[in-house]
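Q: Could you take me through one part of this protein in detail? I would like a close look at the sheet, and then at the salt bridges.

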Amino acid sequence: MRAETQANIAAIEKSLGLLAKRMDRETAAHRLEEFDARVEDPTLWDDPAAAQKLMRERRALLDKMGTYDQIAQALADNAELIEMGEMEGDEEIVAEAEAALKALRESAASKELEALLDGEADGNDTFLEINAGAGGTEACDWAQMLQRMYVRWAEKRGYEVEMQSEEAGGEAGIKSVAYKISGPNAYGWLKSESGVHRLVRISPFGKGTRETSFASVWVYPVVDDNIEIEVNPSDIRLDTYRSSGAGGQHVNTTDSAVRITHLPTGIVVTSSEKSQHQNRDIAMKALKSRLYQMELDRRNAEINAQHDAKGDAGWGNQIRSYVLQPYQMVKDLRTGHETSDTQGVLDGDLDGFMAATLAGQVSGKSRAEASAED
């Protein structure tokens with residue numbers, strides 16, 4: 001067996017070891033039996049919130065067990081094929097199995113990263129906000145490009161994307177937009193995107209000059225039903241207004257839009273999708289999620305440092321640069337991860353950047369250390 005193949009097998013086995021540890025494989029079957037017994041309880045849905053939480057936990061355990069078993073079986077099958085092919089001198093079978101192991105190594109590494117999404121809120125759904133920064137019309141257009149990028153990324157993963165609010169730009173693009181994105185580990189993956197994103201390109205607005213634009217992205221988790229966040233009614237101001245969006249199916253033009261301001265922190269959340277009553281409920285959930293994020297920041301020094309460093313959407317605060325002119329390059333300034341496939345990134349190919357950031361957080365590397373290694 002070739003050294004490269006042995007290295008691939010060793011890497012897959014290492015990933016399997018971490019997957020087993022993260023799901024506590026020794027007790028997984030017993031925990032699944034307990035979940036199944038509770039699912040059969042006819043009184044389960046007397047408490048819908050608790051029932052939904054149980055079903056999510058059961059589904060997550062099943063997914064982890066299924067992932068482990070699939071990788072382990074594929075590893076055993078292909079290793080056996082290689083041994084048989086080498087014994088029989090069938091180079092075609094050996095080559096096919098070696099290629100399969102190489103692909104399996106990449107898949108196992110990806111699943112290993114997902115297993116590391118074990119933060120308190122990593123498994124939650126998430127809110128995503130995009131705001132145009134320095135650069136006027138150029139920045140509003142850039143914010144809309146980011147909007148498309150994240151929606152495409154989420155849709156590729158099969159996540160549900162629900163617009164909460166949108167404010168159109170003066171001449172083009174958007175000033176701001178907010179989404180709720182629902183799916184497994186939505187917050188865990190997207191949290192690394194919080195920060196300022198910088199674009200360098202030739203202006204599409206007739207100037208013919210190279211322009212630099214900025215937009216900020218803020219990601220915070222949807223609060224689970226079992227997490228209690230108290231909001232004093234005297235600490236909030238509620239305003240209703242007519243939506244100023246561009247119209248269309250996503251944005252209404254009635255006076256039902258709701259804006260809630262949390263006076264002690266200055267947090268402002270909006271919703272302009274449904275009825276005023278529904279908007280109030282959506283905005284309150286968003287406010288509680290923002291307050292919860294602040295608490296997570298307070299307890300997590302690394303995340304807190306990232307948010308402090310975010311700053312205004314302008315020079316010196318960016319986490320990632322997207323350069324379309326005079327060359328093609330997207331580079332994350334925290335990890336050094338980069339690619340020349342700018343169109344792929346703008347079409348939602350963000351997994352490499354998210355994985356690099358997650359790996360850096362897990363290993364405890366600082367931004368400077370990651371850049372030095374690169």
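A: Here is a walk through the sheet, followed by the charged pairs.

This is a predicted model, in which local features need pLDDT of at least 70 and side-chain atom pairs count only at pLDDT 80 or more, while totals for chains, interfaces and linings use all residues. Residues are numbered from 1 along each chain as its sequence is written, and side-chain values use heavy atoms, with hydrogens and water left out.

The protein has eleven helices and eleven strands; these are DSSP runs numbered from the N terminus, with helices (H or I) of at least four residues and strands (E) of at least two. Eight strands form an open sheet with mixed pairing, in the order E2-E3-E1-E5-E4-E9-E10-E11. Two strands count as paired if DSSP finds at least two bridges between them. At the edges stand E2 (160-168) and E11 (338-339), each with a single partner strand, so one side of each has no neighbour in the sheet. E2 pairs with E3 (residues 174-182) in the antiparallel sense, over eight bridges, and Val161 stands opposite Ile181 in E3. Helix H5 (residues 136-156) packs on this sheet, touching E1, E2, E3, E4, E5 and E9. Contact here means heavy atoms within 4.5 Å. The direction of H5 makes about 45° with that of E5; axes are lines fitted to C-alpha atoms, for helices over the stretch in contact, and angles run from 0 to 180 degrees between N-to-C directions.

Now to the charges. A salt bridge is a side-chain nitrogen of Lys or Arg within 4 Å of a carboxyl oxygen of Asp or Glu, and by this rule there are 18. One of them joins Arg334 to Asp332, with the closest N and O atoms 2.7 Å apart. Both residues of this pair, Arg334 and Asp332, are buried, where buried means under 20% relative accessible area, exposed over 50% and partly exposed in between (1.4 Å probe, protein chains only). Arg334 and Asp332 also belong to a network of salt bridges with Glu193 and Arg320.

Another salt bridge links Lys53 and Glu57, whose closest N and O atoms are 2.5 Å apart. Because Lys53 and Glu57 are four residues apart in helix H3 (residues 48-88), about one helical turn separates them. Lys53 is partly exposed at 29% relative accessible area, and Glu57 is partly exposed at 34%. In helix H7 (residues 276-299), Lys285 and Asp281 are likewise four residues apart, about one turn, and their salt bridge has its closest N and O atoms 3.6 Å apart.
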